[in-house]
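Colleague: Could you take me closely through the annotated binding site and the residues around the ligand?

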Amino acid sequence: MSDANLVEIKEKITAQHGGDERQLDVIFSDSPRLIVEAPAGYGKTTTMISRIAYLFASGQIPNPKRILGLTFSVNAALKVKREVAGKLPSLLGLQNSPVSIGEKVTITNYHGFCKGILKKYGYLIADALRKDVNLFRAVGDSDIENQTNLKTTLTPAELQSLKAVETDVKEARVPDAQTIHAYNDIVIKKLLPLDYITHNAIILFVLEIFTNYTEVKKFYQSYYPLIVVDEFQDTNCIAWKLLESVISEQTQLLFLGDSLQRIYGFIGALPDIMSKVVDEYGMTKVELSKNYRFQNNPDMLKLDKNIRANAASCFTPTIAADDVAKLPAFWGTTQQDEAEQVVAKVQDLLAEENVKIAILFRNRSKNAEIVEAELARNGIQYFYGMFTDEDSDYVEFHNKCQEMFIRRFGKSKAINKKALAAFSDSVRTAYAASTGKTVDSLLKLLDALVEKVSIDYADLVPEDKYTLLLDIFENRQLKQAMEYVDSRVILSTVHGAKGLEWDYVIVCDVEQWAFTFICRDCPSKSTQGSARCRLPQNIPTQMVEPLLDDLCVFYVALTRAKKQVFISASGERYNARGRQFTGGKICCFALVNGVRLINAAPNKSGD
Ligand SMILES: Nc1ncnc2c1ncn2[C@@H]1O[C@H](COP(=O)(O)OP(=O)(O)OP(=O)(O)O)[C@@H](O)[C@H]1O
């Protein structure tokens, strides 16, 4: 490429980024190993997309090498791939489709990456893997016991071995080579013959191949001279081991993430991975400087900054009076009172044209049902998205979809609009006798997803459509299709809302014992007399880590709002078993240094 062309490409990217110097430093960097840590909305994903597009457009990926881009889900990967493809025509003056960039860039998630390797080399450890790995039904290890045919084929000792590895992964301990081999052996001998594979095995098979066949590992190390990872904070221990296996001394790295958005600690996301890799891999750390999501709302900017300052200083930041963020809040004496205020606000906000609102809860509970009933009573249409990954209806629906999908499209992969519509009809028929609202919502999500793939993703090759849909079913990701649902109001858990955004967000039940359970260890838990719960001056050591984990969930909830977030709480709450408690208080997270609650009721102000 000529210098003039390179200058032109750089100028175009600079203009697209509005001259944001920090972002441009990352995009045009010569540094081989970069880690970008930045809060929600600072443009991490946007920067990653431009970096890939720049390297591609400026011809910096020599044939036959590729960039490996890893994201949290195949859905996110697909969006990145489409956006890179979308940028290239303006940079190169050529038409590029996601298919043609696919020759230079592999963008997928950890499981997708491993499946690609197993398709080529799986036969090295199991003959059964000569068959397309996508034809096996993938199950979570914790789900094995719920599948009668799997439970009966495994001896108690084998089941125990599989579970022990699952526990290791959840607790961020990498199993050793011998344990991995023993685990894989059970899956190969007992589960593959029944056409099942486990989520962990998809990665552990590859780790075993890399251990036993170093030439295969070396091939991947040289095939991917640059590895880019988005949402790096959610990498778990086996995914990290996999990544380490494909990093050679020469590999260039770009990791992007935000340690305060790590909300999957409970399933094994490594606690300090963002800081750990800086030294271990000699990475240059870059911080982005501008929040684009909240750029038009000074209070949201302050809120973001101050919550982060609390996390960084173990809740002892010094914040000037001028910098304190106002956070609009509702307080109800009862749950019904809280629900009425939330719904009145929703009605108020809906007057704005095309506005989208999320009502978020930490968990599914009777509290959420009361808000839901109030929405219904006021005739407000809403989408019920209160899923949790462990919910049996939710898991079972994904398993069913996966099974029916593989049966229908596994061999032919002939996916077109008509076939997909027929597929979602057949799932609907399979659930004809079901009356539960979870299944009802899941059927709507399936329709929305199928429509998205049929219309917006019509240009994808059938193989890519197959991979996308199968990944969503395998990894219980239908909740991510909430962004395609045609509903102005959505009820969701915070975990379900990860990576999504709405104009307005109301976070409900921000109460002691409801939003967090660290209260158990808290010396302030029994203080009487105020409707607010403050953190103790000296936080007990055992409380710090769980406190920060829960603060991450609060932070993710707050930062899903593009225009404004509200919180609500009440003196009454119900626990998971429906038991009623009174005398509740607003959770300490909403009262940390640098946050001032203001009355969110329309036309009112003041504390
Ligand atoms: N340089 C820029 N100029 C204008 N808009 C930008 C710029 N960078 C990012 N944005 C916009 O800001 C919003 C947030 O960007 P992006 O999703 O990349 O942030 P993020 O850091 O990945 O956020 P999160 O951590 O929540 O996933 C997007 O709407 C994006 O288009």
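Modeller: G43 sits in the loop that runs between strand 1 (33-37) and helix 3 (44-57), where helices (H or I, at least four residues) and strands (E, at least two) are DSSP runs numbered from the N terminus. This is a predicted model, in which local features need pLDDT of at least 70 and side-chain atom pairs count only at pLDDT 80 or more, while totals for chains, interfaces and linings use all residues. Residues are numbered from 1 along each chain as its sequence is written.

G43 counts as buried because 24 C-beta neighbours lie inside 10 Å; the term buried asks for 20 or more other C-beta atoms within 10 Å of the residue's own, with exposed meaning 12 or fewer and partly exposed in between, and C-beta atoms are placed from the backbone. Setting aside residues up to four places away in sequence, G43 touches Q23, L288 and Y292, a contact being two C-beta atoms, placed from the backbone, within 7 Å.

K44 belongs to helix 3 and is likewise buried, with 24 C-beta neighbours inside 10 Å. Beyond its neighbours within four places in sequence, K44 is in contact with V36, A38, D230, L256 and L288.

Both residues appear in the "binding site" feature that UniProt, in an unreviewed entry, places at A38, P39, A40, G41, Y42, G43, K44 and T45; such positions follow the numbering used here, feature names are shortened, and annotations may be inferred rather than shown by experiment.

Turning to the ligand, 16 residues surround it, and A40, G43, K44, T46 and Y292 come nearest, where near means a C-beta atom, placed from the backbone, within 6 Å. Helix 3 supplies the largest share of this shell, three residues.
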